[in-house]
Amino acid sequence: SCGLRSPSILLYSGNDGATWTHRTAPLGFVVDSASTFATPPDSLAATGPGSLWLIGSATANGRFVVARTTDAGRTWLSSTLPCKYDDSLLGFLTIAGESVAALCLGGPTTGFEPMEVLTSSNAGLTWVERCANGPNDLVRIVGSCPGGGYPSAIVAMPDGVLVMSLGYPVGGVDVSVDGGRTWKLALRTAGTFLDNSQGVGADWILAVGPTSPGVRLAESTNGRTWRQVALP
């Protein structure tokens, strides 16, 4: 998806990128004069041929919307994601089988960003709040989200383990084995910023921006253990 504070543009390819077809983005994600501060979709997750999920802030007050298509973007079903932060700025989405996990982020402060993890087991019809660390992380509201850093992605592994990559002040990877309720550090990296890429049965973490000695590229097939990979 492309665009910055403008109507969303969605392109679909069914032949490994050889050709692309324009699709109309979900109505909820189109920015108009009444929602000046709305943004295009933040996160996109494919679950199979023609099956796609989007999450984004669609209104000026920062309420998140999730949308799903099963016909390669021809039609969409959208619903509001029940995140509690009114100043939500960014959202991420990940899929594993029938389970959907969403990460909602509030306005950041130095070294900390309010976050909330929600999951759905019925294709987004209903959601359960798994953890929320509150505006200042002084009192955990629900569960125990990661306590510091700026999240860059949330990924669901095939075995159901959730992986969250966080950057600044020092990058790291936190893992949850109970559906997002509690998290613990699984990997410390060498970068301030992390790029996360999910492949077939594996998750890759690339750390950018040196801050201290440590891992720069790592791979995991289960989220619990990570293998350092040498950069060329």
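User: Happy to dig in! In which strand is Ala207 found?

Analyst: Good place to start. This is a predicted model, where local features need pLDDT of at least 70, side-chain atom pairs count only at pLDDT 80 or more, and totals for chains, interfaces and linings use all residues. Residues are numbered from 1 along each chain as its sequence is written, and side-chain values use heavy atoms, leaving out hydrogens and water. Strands (E, at least two residues) and helices (H or I, at least four) are DSSP runs numbered from the N terminus, and the run from 202 to 210 that holds Ala207 is strand β16.

User: Is Ala207 buried or exposed?

Analyst: Buried means under 20% relative accessible area, exposed over 50%, and partly exposed in between (1.4 Å probe, protein chains only). Ala207 has a relative accessible area of 6%, so Ala207 is buried.

User: Which residues is Ala207 in contact with, leaving aside neighbours within four places in sequence?

Analyst: Contact here means heavy atoms within 4.5 Å. With those neighbours set aside, the partners of Ala207 are Thr189, Ala190, Gly191, Phe193, Leu194, Val215 and Arg216.

User: How many salt bridges does a search of the whole structure find?

Analyst: A salt bridge is a side-chain nitrogen of Lys or Arg within 4 Å of a carboxyl oxygen of Asp or Glu. One of them joins Arg227 and Glu219 at 2.6 Å, N to O. Searching the whole structure gives a count of 2.

User: Arg224 and Asp159 meet in a salt bridge; how many residues apart in sequence are the parts this pair ties together?

Analyst: The N to O distance between these side chains is 2.9 Å. Arg224 sits in the loop between β17 (217-220) and β18 (227-228), and Asp159 in the loop between β11 (150-156) and β12 (162-167), so the parts tied together are apart in sequence by 65 residues.

User: What is the phi of Ala72 near?

Analyst: Ala72 is placed in the loop between β5 (64-69) and β6 (77-80). Most residues other than glycine have a negative phi. Ala72 instead has a positive value, near 60°.

User: In the open sheet of 4 strands, which are the edge strands?

Analyst: Two strands pair if DSSP finds at least two bridges between them. The order is β7-β8-β9-β10, with antiparallel pairing. Pairing on one side only marks the edge strands, β7 (90-96) and β10 (128-132).

User: How many bridges join β7 to β8?

Analyst: Strand β8 covers residues 99-105 and runs antiparallel to β7. Ile95 stands opposite Val100 in β8. The number of bridges joining β7 to β8 is 7.
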